[in-house]
Amino acid sequence: MNQLLDGNKSKKQLEPAIWRELFTRYILPYQKLFLFLLFVAGLVAASEAGFTLVTRHIFDVLTSQHQEADLWIPGFIYLALMIMLVIGVRGFIYLAGKISTRMMYDIRNDMFVHLQKLSFSFYDKHPVGWLMARMTSDCMRLANILAWGALDLFWGIPFLMGIVIVLFVLNWQLALIVLTVVPVLLVISLYFKRIILKSARKVRKTNSRITAAFNEGINGVYTSKVLVREKQNLKEFTVMTKQMFDVSVKNELQIAVYLPLILAIGSVATGLSLWFGGVKVLAGILTLGTMVAFIKYSSSFFDPVLEIARVLTELQTAQASAERILGLINTSPEIHDSKAVTENLDSESPSEVIKNICFKTVSFSYGKDEKVLDQFNLNVEAGQTIALVGATGGGKSTIVNLLCRFYEPTSGEILINGIDYRKRSLIWLQSNLGIVLQTPHLFSGNIIDNIRYGNLNATEKEVTEASNKACAHNFINRMPDGYHTEIGEGGINLSTGQKQLISLARAMLADPQIFIMDEATSAVDTNTEHLIQNGLENILNERICFIIAHRLSTIRSADLILLISDGSIMESGTHSQLIARSGRYYSLYQKQFAFDNEKKLKQTSYKTAG
Amino acid sequence: MKKATYRDILLLIKDYRTAYIWATVFLILSSGLGFIVPLIGKITIDGVLGGNTEEIPAIALELIYWLGGQSTVSQNLWFAGIFLMVVSSLSALFLYLRDRFTAKACEKIAKNLRNQLYDHLHHVSCDYHSKTQTGDLIQRCSSDVENVKVFLSKQITAIGRSIILLILIVPLMWALDIWLTFLSLFLVPILILFSIFFFRKVKNVFLEVEIAEGALTTVIQENLTGIRVVRAFARQDFEIEKFSKCNETYKDIEFRLINILSWFWCVTDFICIIQIGAVLFGGSWMVKQGSITMGVLFAFITYVGMVLWPIRHMGRILADTGKALVAYGRIREVIDEPLETDSHLLPKDFPQRLKGTIEFKNVSFNYHNNQLALDNFSCFIKPGSTVSIIGPTGSGKSTLIRLLLRLYDYQKGSITIDGFELNQICRKEIRRQIGTALQEPFLFARTVKENIKLSQLKANDKAVENAAHTACVHDAITAFKKGYETHIGEKGVTLSGGQAQRVALSRTLLKDAPILVLDDTFSAVDTLTEQKILETLQQRFGKKTTLIVTHRLSCCIRSDQILVMDKGRVIQKGDHQTLKSIDGFYQDVWNIQREVDKEIS
């Protein structure tokens, strides 16, 4: 997995296994189009090589027949070649475009579908930014090399081969002399492409550091001003821009050397053609037309050589992308339905009522680190509300994560109605869940669609009912377009409190058998929270509810409060029982009061302020 | 949005004129030499192989005679070959020199732009920062600068090259043959117009592709960040369907673009090949008629190829220059934003270290809207005293602090420190005299130690640790694996809100300024720790003028003076003992607190 993350270092060697897999997965489905593309590429290469032969013929007839020279036949051939080339170019780009866009579509789809299956342990190890880069830039790079790279390669190779064959047929001795340049061109091109790629990578890296510095500079501008850091900041920043200057000039100079160098080497071939060709013409071994053809070919073969060199170097970076993409697609999800479950999917009754959930000596650790949960036992009956309290990192969220089967216990088992939940399907459990998180996640779109996420078939009336229960109806109605107000990407047009209420409404609409609220109303004011509490009580009848909260009013009404610390239950009981005990809950409660009080203070003062 | 003109953007080059002049000189040399290459071929074909000395220009003839006459040259054809290689290589060398000059100049321009933007953003008013979005600013500083650089390095030179090619080639061709010149160039205007027209039309499709890509990225991003919600509602299939739709749209629009582009390539290919064909066949016919030689035909065929291909790209480049104009317009918007006005002179007898008397007299202030954030606010703070400011959100507490730090300038009334009028003192000097811990602490992506040392670069480790001790964060820091060397931010640990506040406080304390301002610095720190910090502060620093903005009564109890603020005014003033016994806001709050205490016991 680590290698997957470090995949940036491209390996020197090309690995056929990777390309074979890519080929069978993504190119084989477009076999016919691909073969057609190859054919058209050959056509284009042939017609391009053909033009020079027409020129040669004209020069020859002009020298040998003078006034009698017939220009009609070469004229028609020229026209035919032109039509062939124009149609070829059009078909060529059309086909490559078709294949590349479809391939990109396929690769992205495969990745996305697979990402929907991967477990949370995978997401823990791979930040969203990293995954985004795989889905966008890697994908693009791979599809580009697979279609456009192939296009260049399949145009370049036949073109080059065509030139070589024609030259040998025309005069093999001269061909041997002139073509000595080709391997030199290829070697130099490969060398330069490689170092240019390397320095370009350095430029990108430095550039992203500069962007990060801008980000920090802008976000921290108040701090910088207050600490009078302006000069020092600029001094540190100029070090970075100086470095950027150095690496980009290096990169650009490499490019600036490369092209002229190729041109100069190419001219050697032209010079050789003129020299040895001229000698042969004088000796009468070679026609003038053939010499002209040699000169023209010698100036046109560095085009395909450049393209081939480019594709070959890009193949290496693309390989790194391919490795990462295949690595992702081939990662098997740690949590998945067992074979037995998949086979019996039909016999599962979706409407099974959850009467009881039981944690039996459940232990859990993320990775190889110390245990987060240790021999945890808990029995919950339908209708009960369980509040989990305790310090961060104590294991509260882990309990919820295990319950949702986002993770599975390392040892022990979790039983639902007496059956280990691993013997049930994931989809069954998860469609019975309703979760409201502290940082509510909304999708761009309008409000009603976001609430409907809980139940895609809900009527408008059901949506309004749910948001009424979540105390969201009023503020939604006050929005410019009511329920059809666009909320902007990530809900930027809403406050956190409003987002929390919408995600609560969403969960209520889902009407789940297990309700989980993780600090769900932390940004909602006390009054509204009280109203929500009342609304919830009706809903929570007959259901199981887990609450993680800091706010006391939320916790107090729970049927059972568990104080979780270091992965096990330290204290448990109802609010009054725990207060009476004067233990850790009691002191936590006291501490918590300070914070609650502060919030209350802010709000009361608001009211007095008017 | 203001769009820059070509003139604006060319002004950037002004300081680099010499480099650009050299680049142009080398460009002309390189193109000129490039055009000689086909002439060598022509002379060889006509003069040496064809024995047609009339067609050889005088200079070349003299050269041939100097070398030993025509027959010697015929027997030593290597000379023509080598000459061709040398001329080509020189042309290539000049091409390199051109790129070298432009590359260095452009990178320097980009570097200076970046530095200028960075520094400028540090010196514009806070007001500007509160109005702008970080993402937008960053885009201006990164990709917009990049666009301008590409314009200056690649686009200008490409356009210049095409122009110079045409300027050089026309007289050269003209000298060889007028009719063939016409046959070589008559389609060039059509080629240029077509490509300009084409890319202007296609611009919208490029935009559509960008939009479709953006939509796709949003769907992926939202899905990945909200993966818990997706799983919790078992909406995988729904998400896949949503994604597939966007993916499909993107695929289709991208294919449409490629399809349109394929028309561009095949039409321009068509035009170019007709042009070349015209030269080839028209020229051949002329050879047949005897009006030109084979060598001339050879030269023309080569020239046409040299001119047509670069010109074909012009439309694309011209279409792209629009981007650079927009980008530079956006950069100018930032740079043209006026800097904070500042008095660089200090009043006479301004001390090295202030005593810390602060007086606000009838100060009023508003942020753009008509609501006064501070309304005729007055108060006097004795040196060495501790003042707590309390009041609901939006009552003007933070505004007060911002005015004191000259982050914003007061509009009416007067603020004095030790009797000096605040707006007469240079902003940086005021901030040097005031140690501030802001409401939302900003930590830089560096080590903990470096973060604390931001305020005092030369502080030694001992002083850093002392400051951290006072801020009660030393233990938390040493609990990290790397202690003070722990990296904060993306690559390192994430500090909890309370820890971040205390690290920021250590930074402020390290500075040891005569005035200390704590703007809700303890909001994420529990009451016990807060009390401990305040106690140590008083012991260690004794008489420092301290302003504390807070929501907690516990903070107020130990201060000399409490200001209760509301709607930009002071509504109650006094110490804890007095205020709690007077009917009013403070007493209300005090009562709530007491009720809570009762409930616990």
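**Close-up 1. The six-stranded sheet of chain B.** An open sheet of 6 strands in chain B follows the order β6-β7-β8-β3-β9-β10, and its pairing is mixed. At the edges stand β6 (434-437) and β10 (569-574) of chain B, each with a single partner strand, so one side of each is left without a neighbour in the sheet. Direction ignored, neighbouring strands of this sheet are turned by 15 degrees against each other on average. Strands (E, at least two residues) and helices (H or I, at least four) are DSSP runs numbered from the N terminus, and two strands pair if DSSP finds at least two bridges between them. This is a predicted model, in which local features need pLDDT of at least 70 and side-chain atom pairs count only at pLDDT 80 or more, while totals for chains, interfaces and linings use all residues. Residues are numbered from 1 along each chain as its sequence is written, and chains are lettered from A and ligands numbered from 1 in the order in which they are written.

**Close-up 2. Strand β9 and helix α14 at the same sheet of chain B.** Strand β9 (residues 561-566) of chain B runs antiparallel to β10(B), to which 5 bridges join it, and B:Leu563 stands opposite B:Lys573 in β10(B). Helix α14 (residues 397-404) of chain B lies across β3 (386-390), β7 (515-519), β8 (545-550) and β9 of chain B, and runs at about 145 degrees to β7(B). Such angles run from 0 to 180 degrees between N-to-C directions, with axes fitted as lines to C-alpha atoms, for helices over the stretch in contact; two residues are in contact if their C-beta atoms, placed from the backbone, lie within 7 Å.

**Close-up 3. The four-stranded sheet of chain B.** A second view shows 4 strands of chain B that form an open sheet with antiparallel pairing, in the order β2-β1-β4-β5. Because β2 (374-381) and β5 (420-421) of chain B stand at the edges with a single partner strand each, one side of each is left without a neighbour in the sheet. Strand β1 (residues 358-365) of chain B pairs with β2(B) over 5 bridges in the antiparallel sense, and B:Ile358 stands opposite B:Ile381 in β2(B). Helix α14(B) packs on this sheet too, where it touches β1, β2 and β4 (412-417) of chain B, and its direction makes about 115 degrees with that of β1(B).

**Close-up 4. Two helices of chain B side by side.** Helix α11 (residues 236-289) and helix α12 (residues 294-312) of chain B have axes that come within 10 Å and cross at roughly 170 degrees. That makes α11(B) roughly antiparallel to α12(B), a term used for angles over 145 degrees. Residues that make the contact include B:Cys272, B:Ile276 and B:Val279 of α11(B), together with B:Leu297, B:Phe300 and B:Ile301 of α12(B).

**Close-up 5. Strands β3, β9 and β10 of chain A.** Strand β3 (residues 385-389) of chain A pairs with strand β9 (residues 560-565) of chain A in the parallel sense over 4 bridges, and the bridge partner of A:Leu388 in β9(A) is A:Leu562. Strand β10 (residues 568-573) of chain A runs antiparallel to β9(A), and 5 bridges join the two, with A:Ser565 standing opposite A:Ser568 in β10(A). In the hairpin of β9(A) and β10(A), which has 2 residues between the strands, A:Asp566 takes a positive phi near 50 degrees.

Methods. Parallel < 35°, antiparallel > 145°, perpendicular 65-115°, else oblique.
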